[in-house]
Amino acid sequence: MKFASAFAFLFAVSFPSFAQQQQQPDVIFVPTPHDVVERMLAIAKVGPGDILYDLGSGDGRIPIAAAKKYGIRAYGIDIDPERIKEANANAKKAGVTKLVTFKQQDLFKADFKDATVVTLYLLPDLNEKLRPRLWAELKPGTRIVSHQFAMGNWKPEQTVDLNGRTIYFWTVPERKPK
Ligand SMILES: C[S@@+](CC[C@H](N)C(=O)[O-])C[C@H]1O[C@@H](n2cnc3c(N)ncnc32)[C@H](O)[C@@H]1O
């Protein structure tokens, strides 16, 4: 054990940039336009008692809009510490820090099972990668809204075009008995 700790220390001292490396985002930050955010929340029929998670939350605009307009609890998960700082500053400016929480995490490892609404603006392959967890961990009936990208062969219940953007909507199905 002592040898392992000494090795880790020497490694960190010898290769500081490697030791400090953090996991890179799977997709860069590109914000959803505010009118699209508003429509996503309307399509999901966000209302009292909802708990919203934005997976890959960027500057926090979706959780902040949900808290501000609907007074609900909202969470943002982002892997980039700069985005978390920015999102927290934006929540403060919007006066919703009591309702909104941002966590620096890999969305593929984050716990979001208490969500009643999940919002996404990722990439098609990331949506597909996420789908097994959405189906297995979210309560049936949980609403999912994705800006711009579909989710493989999971047919959306609703597709809305808005100013050149597409919004996809699904609800988590009942689990099949094993
Ligand atoms: C296209 S932006 C969308 C931002 C915001 N949801 C919106 O719609 O305005 C994607 C965000 O996902 C974050 N991201 C990428 N890979 C991630 C991962 N594995 N875990 C958590 N966040 C990630 C990026 O840092 C970026 O802020």
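This report describes a predicted model of a protein chain with a bound ligand, from its overall build to its strand β1, its ligand contacts and its loops.

**Basis of the model**

Residues are numbered from 1 along each chain as its sequence is written, and side-chain values use heavy atoms, with hydrogens and water left out. Because the model is predicted, local features need pLDDT of at least 70 and side-chain atom pairs count only at pLDDT 80 or more, whereas totals for chains, interfaces and linings use all residues.

**Overall build**

The chain holds 6 helices and 7 strands; helices (H or I, at least four residues) and strands (E, at least two) are DSSP runs, numbered from the N terminus. Their order from the N terminus is α-α-α-β-α-β-α-β-β-α-β-β-β. Of the 178 residues, 43% are buried. Here buried means under 20% relative accessible area, exposed over 50%, and partly exposed in between (1.4 Å probe, protein chains only).

The accessible surface of the chain comes to about 10,200 Å², and carbon and sulfur atoms account for 58% of this surface. Accessible areas come from the Shrake-Rupley method with a 1.4 Å probe, and for residues only the protein chains shown count as cover. Among contacts (heavy atoms within 4.5 Å) between residues at least 6 apart in sequence, 65% join residues at least 24 apart.

**Strand β1 and its partners**

Strand β1 comprises residues 51-55, and 4 of these 5 residues are buried, so the strand is largely enclosed by the rest of the structure. Two strands are taken to pair if DSSP finds at least two bridges between them. β1 pairs in the parallel sense with β2 (residues 73-78) over 5 bridges, and Ile 51 stands opposite Arg 73 of β2. β1 also runs parallel to β4 (residues 117-120), to which 4 bridges join it. In this second pairing, Asp 54 has Thr 119 as its bridge partner.

β1, helix α4 (residues 61-70) and β2 form a right-handed β-α-β unit. The crossover is right-handed if, with the strands pointing away from the viewer, the path from the first strand over the helix to the second runs clockwise. Helix α4 is mostly covered, with 7 of its 10 residues buried; among them are Arg 61, Ile 62 and Pro 63. The buried residues of α4 pack against α3, β1, β2, α5 (81-94), β3 (100-104) and β4. Just after α4, Gly 71 takes a positive phi of about 65°.

Thr 119, in strand β4, is buried with a relative accessible area of 0%. Its side chain is joined to that of Asp 54 by a polar contact of 2.9 Å. A polar contact is a pair of N or O atoms within 3.5 Å; within protein, one must be able to donate a hydrogen and the other to accept it, and residues adjacent in sequence count only if both atoms are side-chain atoms. Leaving aside neighbours within four places in sequence, Thr 119 is in contact with residues including Met 40, Ile 62 and Val 145.

**Ligand contacts**

Around the ligand there are 22 residues, of which Asp 26, Thr 32, Gly 56, Asp 78 and Leu 107 come nearest; a residue is counted as near if one of its heavy atoms lies within 4 Å. The table lists polar atom pairs between protein and ligand.

| Residue | Protein atom | Ligand atom | Distance |
|---|---|---|---|
| Asp 54 | polar side-chain atom | nitrogen | 2.8 Å |
| Asp 78 | N or O atom in the side chain | oxygen | 2.6 Å |
| Leu 107 | polar backbone atom | nitrogen | 2.8 Å |

Taken alone, the ligand exposes 610 Å², and the protein buries 99% of that area. Asp 54 therefore appears in two settings, as the bridge partner of Thr 119 in β4 and in a pair with a ligand nitrogen atom.**Loop residues**

The loop between α3 (34-43) and β1 contains Lys 45 and Gly 47. Lys 45 has a positive phi of about 50° although it is not a glycine, and at 67% relative accessibility Lys 45 counts as exposed. Gly 47, by contrast, is buried at 12% relative accessibility. Apart from neighbours within four places in sequence, Gly 47 is in contact with Ile 72 and Arg 143. From C-alpha to C-alpha, Gly 47 and Ala 66 are 9.1 Å apart in space, with their positions 19 residues apart in sequence numbering.

Asn 163 is found in the loop between β6 (158-162) and β7 (165-171). Its phi is near 45°, a positive value in a residue other than glycine, and Asn 163 is exposed with a relative accessible area of 63%.
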